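Got the viewer open? Here's a short walk through the model, one selection at a time.

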Amino acid sequence: MVQGLRHTVSNIKTSTFDIGQLEAQGAIVFSNMPAGHRPERTGTDTTRQIRESTMRSLRILACMAVTTLVAPTRAAETFPTRAVTIVVPFAAGAINDAVARLVAERLQKAFPAGVVVENRPGAGGMTGTNFVAKAQPDGYTLLLGTDDALSVLPAVKSLPYDVDKEFSTVYGLASSPFAVTINSTVGAPDFAALLQKAKASPGRIKYASTGAGGVVHVGTALLEDLTKIQLSHVPYRGMAPAVTDVIGGHVDLVMVSPATIAPHVASGKVRVLVLADETRHPALPGVPTGAELGYPDLLVRSTIGILGPSGMPEQVSAKLTAEIAKVATDVVFQKRLIELGITPTPLTASNYAKRIADEGQRWSSLAKRVNIELDK
């Protein structure tokens, strides 16, 4: 742009003007000027005046162009100059919130201006996720992303954001599988017994979810599809009330993270029958995986990572990636995750993007197969 303006100024210096021709082409307008003030249609003095006036205007434009081009670069070089916000699309106190606060804590040295965690819950994670999608792509607003809003919801309903086009992955952090848990009064000592009871009385066993379209709802639909059983869906507003009602015996079954349910197993009120993952979980070492019981495709887990709006400056994105990668691969950080019952899963931006896309395709395939469509 600047080079083009320089070329234009050079041409003006060596040109003569026919004012009538310029006015006819719309380059200059004299029709609104009062009589007696309009320049003659030709003449060296007038031509010189126009040339000088035009050059002044072009110099101003050139300065503006340089400022426009340089300012974002300088901003990227000094990033961050103010606090970075990590938006958690769920309520405070949940596992995802805990992960975000760990990340914020570990980033304080690299980002001395501060890192703030902001909870924006609602619509199964959609509200906060959409907020980040529409945020200014300057690196100051990030998302603590989960499968609910990035892979599962897009498979079952229309959303106000496009995961592929409106987000830029920064780094994957962790993953958490889900475990099939029942109230002990259901009377199923193991997974095979649960399936036998469910097949004997289709729809009689009730399962809780964190809301229609969430990973627990669609994950339980996967369980039904693979095992050819039929359960009755009871949606709740979040995991806490869902687990509370399973423990209390108001609902029979829930798919829940090991970290959430492990403290309640010792009470004897609940029984964990199977882990929907490829390997056993340290919080529930005695619980078999789906593959061990003949269901290798029973995989229900949530990957947690950091994303930003698409279009972030390259230097900003690179700095965010470098600093968050240090956090994700830090031994102390990973130990804290394990203490929360979460599996450290550091993923580069490209691998994290692939994980989101692969899970999205898997859930979309299931939604079509079992006819889950929330827009109907």
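Start by selecting Thr220: is Thr220 buried or exposed? Thr220 has a relative accessible area of 0%, which is under the 20% cut-off, so Thr220 counts as buried. Keep in mind that you're looking at a predicted model.

Stay on this spot for a moment. Thr220 sits in helix H9, which spans residues 215–227. Show the side chain and look back along the helix: a polar atom of the Thr220 side chain is 2.7 Å from the backbone oxygen of Val216. Now bring up what else surrounds it. Setting aside neighbours within four places in sequence, the contacts of Thr220 are Tyr207, Leu231, Leu253 and Met255.

**Zoom out**

Colour by secondary structure and you get 14 helices and eleven strands. Of the chain's 376 residues, 46% count as buried. If you like contact maps, take contacts between residues at least 6 apart in sequence: 75% of them join residues at least 24 apart.

**The six-stranded sheet**

Next, select strands E2, E1, E3, E10, E4 and E11. Listed in that order, they make up an open sheet of six strands with mixed pairing. At the edges you'll find strand E2 (115–119) and strand E11 (343–347), each of which pairs on one side only. From one strand to the next, the twist averages 20°. As a reminder, strands of a sheet pair through backbone hydrogen bonds, in either a parallel or an antiparallel way.

Go to the E11 edge. Strand E4 (residues 167–177) pairs with E11 in the antiparallel sense, over three bridges. Want a pair to label? Ala174 has Pro344 in E11 as its bridge partner.

Now add helix H6, residues 147–156. H6 lies across strand E3 (141–145) and strand E10 (301–309), and it runs at about 105° to E10.

**Helix H14**

Select residues 349–370. This is helix H14, with 22 residues, and from first C-alpha to last it reaches 32 Å, close to the 32 Å expected at 1.5 Å a residue.

Which residues of H14 are buried? Highlight Tyr352, Ile356, Glu359, Gly360, Trp363, Leu366 and Ala367. These cover an arc of only 130° around the axis, so they end up on the same side of H14. Spin the helix to the face turned away from that buried side, and you'll see the exposed residues Ser350, Lys354, Gln361 and Lys368.

Step just past the end of H14 to Asn371. Asn371 takes a positive phi of about 65°, although it is not a glycine. With a relative accessible area of 55%, Asn371 is exposed.

**Two more backbone stops**

Asn371 has company on a Ramachandran plot. Select Ala123, in the loop between E2 and helix H5 (126–133). Phi of Ala123 is near 55°, again a positive value in a residue other than glycine. How accessible is Ala123? It is partly exposed, with a relative accessible area of 44%.

For the last stop, go to the loop between helix H3 (44–78) and strand E1 (84–88), where you'll find Pro80. Check omega on the peptide bond from Phe79 to Pro80: the value is near -5°, and the bond is cis.

How values were computed
Residues numbered from 1 in each chain as written. Predicted model: local features only at pLDDT ≥ 70, side-chain atom pairs only at ≥ 80, totals over all residues. Heavy atoms only, no water. Helix = DSSP H or I, 4+ residues; strand = E, 2+ residues; numbered from the N terminus. Buried < 20%, exposed > 50% of the residue type's maximum accessible area, 1.4 Å probe, protein only. Polar contact = N/O pair within 3.5 Å; in protein donor to acceptor, adjacent residues only side chain to side chain. Contact = heavy atoms within 4.5 Å. Pairing = 2+ DSSP bridges. Axes fitted to C-alpha atoms, helices over the stretch in contact; angles between N-to-C directions. Expected span 1.5 Å × (residues − 1). Arc of directions from axis to C-beta.
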